[in-house]
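I opened this one with a cup of coffee and a few simple things to look up. Here are my notes, in the order I made them.

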Amino acid sequence: MLKKLLGAVWRVAPLGARRLTMRLIEPRFAVTAGAVVLDEQERVLLLNHVFRAGSGWGIPGGFIEKGEQPEAAVRRELLEEIGLELAEVELAFVRTLRRPSQVEIIFRCRAQGEFAPRSVEIKSAAWFETQALPPELGRDQIRLIERALKR
């Protein structure tokens, strides 16, 4: 009985009121795209990011803009931050994070050409052997890399 009543009220409520109600009760989250980028020697690209917590080292990536496709976002981020083009981009996996409320889309990629930091957000960028990642690299970033490289 209550469900029928609520359904009837919902159907006749103004569209603006229904949208506001949904914004208040539905969870909100950010969506990001990250890249585990390999070169021809199978080394992994890591960026030392000014705003990243901890050591600053991690895989490249960033927020997906409204209406942007995830692959386009990861290509844009690498181009903006270090001027690197990607030859190949393949979906590796998707995960959700509770804090912050976020969906993270991780790609496995192949680099094309050279790079150099272009953004004030990036202190440095470097290639690392998978067995010789920086000791200060966070455990979560190591797990991301390991998982993305499993086929």
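**Surface and overall form**

I began with the surface: the chain exposes about 9900 Å², and carbon and sulfur atoms supply 55% of it (Shrake-Rupley method, 1.4 Å probe). I should say early that this is a predicted model, where local features need pLDDT of at least 70, side-chain atom pairs count only at pLDDT 80 or more, and totals for chains, interfaces and linings use all residues. Residues are numbered from 1 along each chain as its sequence is written, and side-chain values use heavy atoms, with hydrogens and water left out.

I listed four helices and seven strands for the chain (DSSP runs numbered from the N terminus; helices are H or I of at least four residues, strands E of at least two). The radius of gyration, taken over C-alpha atoms, is 20 Å, well over the 15 Å that the globule rule gives for 151 residues, so the chain is more spread out than a compact globule. That rule is 2.2 Å times the number of residues to the power 0.38. I found 37% of the 151 residues buried, meaning under 20% relative accessible area with a 1.4 Å probe, protein chains only.

**Strand E1**

I looked at E1 (30–38) next. Seven of its nine residues are buried, so E1 is largely enclosed by the rest of the structure. E1 runs parallel to E6, joined by nine bridges (strands pair if DSSP finds at least two bridges). Val31 has Val103 of E6 opposite. With E4 (residues 61–63), E1 pairs in the antiparallel sense over three bridges, and there Ala33 has Gly62 as its bridge partner.

**Cores**

Which residues have the most contacts inside the largest nonpolar core? I noted Val37, Leu45, Leu78, Ile82 and Leu86, in a core of 18 residues. Such a core is a set of buried Ala, Val, Leu, Ile, Met, Phe, Trp, Tyr and Cys residues joined through side-chain atoms within 4.5 Å. H3 gives the most to this core, with four residues. I also found a second, separate core of 15 residues, including Leu144 and Ile145.

**Helix H4**

Those last two led me to H4 (residues 139–149), whose buried residues are Gln141, Ile142, Leu144, Ile145 and Ala148. Seen down the axis, they fall within an arc of 160°, so they line one face of the helix (the arc is that of the directions from the helix axis to the C-beta atoms). They pack against E1, E2, E3, E5 and E6, with contact meaning heavy atoms within 4.5 Å.

Key:
Buried means under 20% relative accessible area, exposed over 50%, partly exposed in between (1.4 Å probe, protein chains only).
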